[in-house]
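Me: I would like a close look at a single part of this structure, namely the surroundings of one bound molecule. Please take me through it slowly, and then show me how it fits into the rest of the chain.

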Amino acid sequence: MTTAMLTTAPITAHWRDFLALTKPRVMTLVVFTGLCGLLAAPGHIHPVLAFTAILCIALGAGAAATLNQWYEADIDAKMKRTANRPLPAGRMDRTSALHFGVGLSFFSVILMGMATNWLAAVVLAVSILFYVFVYTIWLKPRTAQNIVIGGAAGAFPPVIGWAAVTGDVTALPVALFMLIFFWTPPHFWALALFVKTDYAAAGIPMLPVVSGEVATRRQIWFYTAIMAVAAMAPVLLRLTGLLYGTVALLGTLLFAVFAFQVYRRRESDPARMGPERRLFKYSILYLFLLFGAVVVDRWLLA
Ligand code: HEM
Ligand SMILES: CC(C)=CCC/C(C)=C/CC/C(C)=C/COP(=O)(O)OP(=O)(O)O
C-alpha cells in the first residue's frame, strides 16, 4: 500500500483523475452497446430522454469502475498496468473515490428512474451492484471463474437501453445480453495471457495463473464456440435480418480464426503474444461491429 492510501488526509484531486476513475476507454464500448439496445428497441423515446438514459448508463458504469478501484487500490498498486491509476499513484485519497462512486451510483439510478422507467433503473442498479459486490469483492479474489460469472455485469447495458424505451425486456435484449456474456471470457483471457505476470504478482487467481496457459487457450476456444451460437441467435430466431446475419457470420468466423490461432499456440513468453494481442484488440472491434449491425438492420426492417 502506498502512503496516500493509508492516510486519512484528503488530497485535492484533479478532475482528470475523477474522469480516469470511470475508465472512459472501456466505457465507450459499454455505452455503445447500451445505445444500440436503446436504438434497436421498438417504440418512441424523446431524444432528450434517450440522451439522459445513455448518460445514466455511462455514469452508472463509471460509478461501478470507481468503486472497483476504491476497493482494489492495494492490488492495482502491485500491477504495472494499473499502478499509475489515481489511487495507487497517490493523486487521490480513497474517501474521495468512495464518495464519488457512491454518489454517482445513486445519481445515475435515480435519474434513470425519473427520466425513463424504474425497470431500466433497477437493471442499472443490479449491474452496478453485480460488478462491485459479485465480481470485484466476492469472485475476483477467490476463483478463476470470476469473469465468467462476474462478467454478467457488463452484459446488462443493452438490456438497460432497451428497457429505457419499452419498459420491458423481450427476446432480442436477452440475446444481446448472452452475446456479451459469452464474449467476455475470450475478450478477457486473451489479455490475461499477456498480462499474466501482473496478475500473479498481485495474487489474483486469473485463469492463466491458476490453471495454466494451455487450459486458458482451451477455454478461450470453448467460449468462442458458445459465443458464435449467441451471435447467430438473433438472426436464427428472426429477431434481426440478413444484414446482421452477414456481419455476424463473417465477424464471428474471423473471431474463430483468431481464437483458433491462440488455441494452437504454446508460447508462454509475454513479450511474444502477437496472436493473443490480436484477438484481444479484435474482440473490441467485433462487438462494435455486431451491435452497430443490429441497429442498422432493425432500422432497415422497420
Ligand atoms: C468482467 C468482465 C471484463 C473484464 C475482466 C475486462 C477486462 C479488461 C481489461 C483488464 C482491459 C485492459 C484495459 C484496462 O487497463 O482497463 C480491458 C479493456 C477493454 N475492455 Fe474489457 N473487460 C471486461 C468486460 C468488458 C465489457 C463488458 C466491455 C464492453 C462491452 C469491455 C470493453 C473493453 C474495451 C473497449 C477495452 C479497451 C480499452 C482501451 O482501449 O484501453 N470489457 N478489459
Ligand atoms: C452499467 C454498468 C454498471 C456496466 C459495468 C460494465 C462492466 C462490468 C464493465 C467491465 C469492464 C472492465 C474494465 C472490467 C475490468 O475488470 P477489472 O476491474 O478486474 O480490471 P482491472 O484489472 O483493470 O482493475
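**The shell around ligand 1**

Reply: In this predicted model, the shell around ligand 1 draws at least three residues from domain 1 (23–168) and at least three from domain 2 (170–301). There are 20 residues around ligand 1, and those that come nearest are Arg25, Leu29, Ile147, Gly151 and Gly154. The elements that give two or more residues to this shell are helix 3 (24–40), helix 8 (146–150), helix 10 (171–194) and helix 15 (274–301). Of these, helix 3 supplies the largest share, which comes to six residues. If we sort the shell around ligand 1 by chemical character, we find 10 nonpolar residues, seven polar ones and three charged ones.

It helps to set the shell around ligand 2 beside this one. Here there are 19 residues, and the nearest are Ala61, Ala64, Ser127, Ala153 and Gly154, while Gly154 is also listed among the nearest residues around ligand 1. Two or more residues of the shell around ligand 2 come from each of helix 3, helix 4 (47–71) and helix 7 (118–139), and the largest share, five residues, belongs to helix 4. By character, the shell around ligand 2 divides into 11 nonpolar, five polar and three charged residues.

Now we can step back to the chain that carries these shells. Its secondary structure consists of 15 helices and zero strands. The radius of gyration of the chain is 19 Å, close to the 19 Å that the globule rule gives for 302 residues, so the chain is as compact as a globular protein of that length. Along the principal axes, its C-alpha atoms fill a box of roughly 60 × 50 × 25 Å. Among contacts in the chain with a separation of 6 or more, 76% are between residues 24 or more positions apart.

As for the interior, 49% of the 302 residues count as buried. In soluble globular proteins, nonpolar side chains tend to be buried together. The largest nonpolar core in this chain has 100 residues, and Leu124, Leu179 and Leu290 touch the most other members. Helix 10 gives the largest share of this core, 14 residues, and helix 10 is also one of the elements that give two or more residues to the shell around ligand 1. Because domain 1 and domain 2 both give residues to this core, the core lies between them. To see one member in its setting, take Leu124, which, leaving aside its neighbours within four places in sequence, is in contact with Cys56, Ile57, Gly60, Ser108, Val109, Met112 and Ile160.

Key:
Residues are numbered from 1 along each chain as its sequence is written. Chains are lettered from A and ligands numbered from 1 in the order in which they are written. This is a predicted model: local features need pLDDT of at least 70, side-chain atom pairs count only at pLDDT 80 or more; totals for chains, interfaces and linings use all residues. A residue is near a molecule or strand if its C-beta atom, placed from the backbone, lies within 6 Å of it. Helices (H or I, at least four residues) and strands (E, at least two) are DSSP runs, numbered from the N terminus. Ala, Val, Leu, Ile, Met, Phe, Trp, Tyr, Cys and Pro count as nonpolar, Asp, Glu, Lys and Arg as charged, and the others, Gly among them, as polar. Domain bounds come from an automatic or database domain assignment. The radius of gyration is taken over C-alpha atoms; the globule rule is 2.2 Å times the number of residues to the power 0.38. A residue is buried if 20 or more other C-beta atoms lie within 10 Å of its own, exposed if 12 or fewer, and partly exposed in between; C-beta atoms are placed from the backbone. Two residues are in contact if their C-beta atoms, placed from the backbone, lie within 7 Å. A nonpolar core is a set of buried Ala, Val, Leu, Ile, Met, Phe, Trp, Tyr and Cys residues joined through C-beta atoms within 7 Å.
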